[in-house]
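Q: Please take a close look at one part of this model, the open sheet and what lies against it. A connected account would be welcome.

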Amino acid sequence: MGSGKEKTAKLPEGGRSSSEGIPSGTQSQFRKGLAKLLRNKMAVFGGILILGYMVTAIFAPILYPGNPSAPNLMRSLERPSWEHPLGTDELGRSILGRIIYGSRVSLMISLGVVSVGLLIGVPLGLISGYYGGKVDFILQRITDMLLAFPGFLLALALVAILGVGINNTVISIGISMVPIYIRLVRGCVLSVREQVYVEAAIAVGTPDLRIIRRHILPNVMVPIIVQTSLGMGTAILFAAGLGFLGIGVQPPTPEWGAMLGSGRGYIFNSPHVATFPGLAIFLAVLGFNLLGDGLRDALDPRSKI
Amino acid sequence: MSGDHLLSIRNLKVRFRVYEGVAAAVDGVDFFVEKGETLGLVGESGCGKSVTAMSILRLLASPPAELEGEIEFQGKNLLELPQDELRKIRGGAISMIFQEPMTSLNPLLTIGEQIAEAIVLHQGLSRQEAWDRAVEMLARVQIPSPEARAKDYPHKLSGGMRQRAMIAMALSCNPNLLLADEPTTALDVTIQAQIMDLMERLREEIGASIILITHNLGLIAEMARTVVVMYAGKVVEEAPVRELFSEPLHPYTQGLLGSVPVIGRKFKMEKKRLQEIPGIVPSIFEMPRGCRFHPRCHRMMDICRLEEPPMVEMGQRRRVLCWLWA
């Protein structure tokens with residue numbers, strides 16, 4: 001019954017109605033994936049969380065009209081009230097306002113981090129997997145070395161070299177993600193490279209670069225997308241970790257990790273100062289991880305959820 | 001017309017240096033292909049047919065493959081050609097059809113895009129012209145409503161349709177030589193016949209030569225003009241197709257032909273069982289001394305165990321690698 005319905009529903013667009021735009025084949029594949037994703041309640045929950053954060057980040061000035069960094073020492077460490085729904089910190093700044101503006105910082109950092117990871121890691125992984133041989137060997141040994149450090153430790157070491165600040169935070173966490181992308185992409189390329197259609201592409205005389213771009217990269221996109229979603233969560237966590245230690249984004253910029261770090265001293269008297277930024281970090285990371293897991297299940301052609 | 005060789009393979013050796021040792025997959029193969037002819041390359045699995053075809057376009061990854069000898073095509077030795085010139089020949093003058101139509105198309109590109117890709121690469125046409133040409137090629141391989149099919153992704157097409165699409169791709173640049181590596185193995189019999197008809201017709205239209213690799217002797221009988229029989233990396237017999245079937249010289253060829261079931265034959269009293277070649281193909285790492293076929297040969301002589309047999313020329317494109325005829 002269900003399948004019959006689907007068939008009739010698909011027919012009109014299966015024909016040649018759409019001459020431009022996405023051809024019917026991908027559309028139905030894409031829809032299948034989307035439907036699978038929407039059926040996964042946890043993934044939807046994660047998606048809603050992230051969407052919430054994105055809306056918050058974009059409309060921060062509307063949601064909190066004041067300056068989140070302006071101190072007001074007369075009102076420091078206030079409990080949640082009507083005026084300051086999440087209370088104020090030791091300098092009397094609204095914690096809600098700082099969390100709202102902090103979402104901008106955190107999302108920017110995580111976007112920057114995965115961009116660095118993608119831009120460096122994906123090309124290197126493609127080259128390593130496609131060409132093999134000596135290039136592969138050297139790249140993989142370097143990757144081994146980088147992967148031998150726990151990611152956070154590597155980011156920490158890089159901050160120690162580069163210095164504190166938002167740009168260096170992005171660069172160091174980004175570099176700590178590069179080896180993960182290299183490994184992931186290389187592994188996928190190795191399996192795609194053995195496909196007959198790649199051999200066929202070689203046999204029609206397609207240049208290497210074109211084979212990589214047209215035949216290999218699109219076929220390894222799914223794990224890259226999943227890794228990127230999971231990586232955004234990790235990036236937020238790492239950035240917060242660096243902020244907490246005082247070597248990430250510097251005050252007075254509102255950053256969740258730094259807020260958590262400064263609130264730590266008041267945990268017994270004014271627990272709200274540390275609790276709410278911690279909750280913000282927790283929900284953001286949870287959102288990205290749930291969405292990433294959902295994407296993995298939805299885009300995996302073998303899973304039949 | 002013996003001077004009209006499109007492709008000559010001379011003393012081709014392909015070795016794979018792997019962990020277990022050195023595998024000599026092809027060991028001193030030579031044959032030539034005339035213009036416009038279909039040459040059948042037959043033999044058991046693992047005898048080196050596909051490796052021979054792959055080495056013509058240098059498609060084997062090296063390492064581990066090591067190639068030696070000479071493959072002359074239009075006056076050039078393909079084994080020594082620089083990469084960029086080789087790339088022009090691949091898909092241009094020589095194209096290839098693969099064994100598995102189900103996996104030889106990229107699932108993320110439409111059929112039309114994939115055919116157009118080869119055309120853009122070799123004929124320098126614009127995207128739109130190449131697309132039109134791709135649609136035209138799809139029509140020529142008798143795919144119904146080619147405009148719509150060109151926009152489809154491979155998963156929507158059946159195996160026979162995909163193989164047609166592959167043929168369209170292979171023929172889109174009017175190749176001089178088509179390498180067909182078991183083009184119909186994965187297809188059912190009626191589709192097989194259609195595909196072979198199609199290839200034959202297109203061969204005549206374009207005037208290309210075909211190297212048809214198969215273990216289907218029926219196909220060879222119908223399609224090929226000359227047949228090269230391979231066993232364990234060597235050419236053991238070459239003959240015009242009629243002569244091969246009427247009078248096979250090598251005991252291996254005789255065995256191959258004898259092992260084809262003929263409907264109705266079992267009613268003859270003298271032949272209750274289908275004939276077979278006893279034993280199995282020797283391991284690629286431990287080839288028997290002397291003639292490689294001797295452990296399985298029913299006419300084995302003492303000398304076969306000791307010395308490699310000579311290639312005996314028996315006439316126009318007729319030769320056999322066997323002590324029986326020396």
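A: **The sheet of chain B and its surroundings**

Helix α1 (residues 49-56) of chain B lies across β1 (5-18), β2 and β4 of chain B, at about 110° to β1(B). Here helices (H or I, at least four residues) and strands (E, at least two) are DSSP runs, numbered from the N terminus. Axes are lines fitted to C-alpha atoms, for helices over the stretch in contact, and angles run from 0 to 180 degrees between N-to-C directions; contact means heavy atoms within 4.5 Å.

This is a predicted model, in which local features need pLDDT of at least 70 and side-chain atom pairs count only at pLDDT 80 or more, while totals for chains, interfaces and linings use all residues. Residues are numbered from 1 along each chain as its sequence is written, chains are lettered from A and ligands numbered from 1 in the order in which they are written, and side-chain values use heavy atoms, with hydrogens and water left out.

The open sheet of chain B has four strands in the order β2-β1-β4-β5, with antiparallel pairing; two strands pair if DSSP finds at least two bridges between them. Because β2 (21-34) and β5 (76-77) of chain B stand at the edges, each with a single partner strand, one side of each is left without a neighbour in the sheet. For β5(B), antiparallel pairing with strand β4 (residues 65-73) of chain B runs over two bridges. Opposite B:Asn77 in β5(B) stands B:Glu72.
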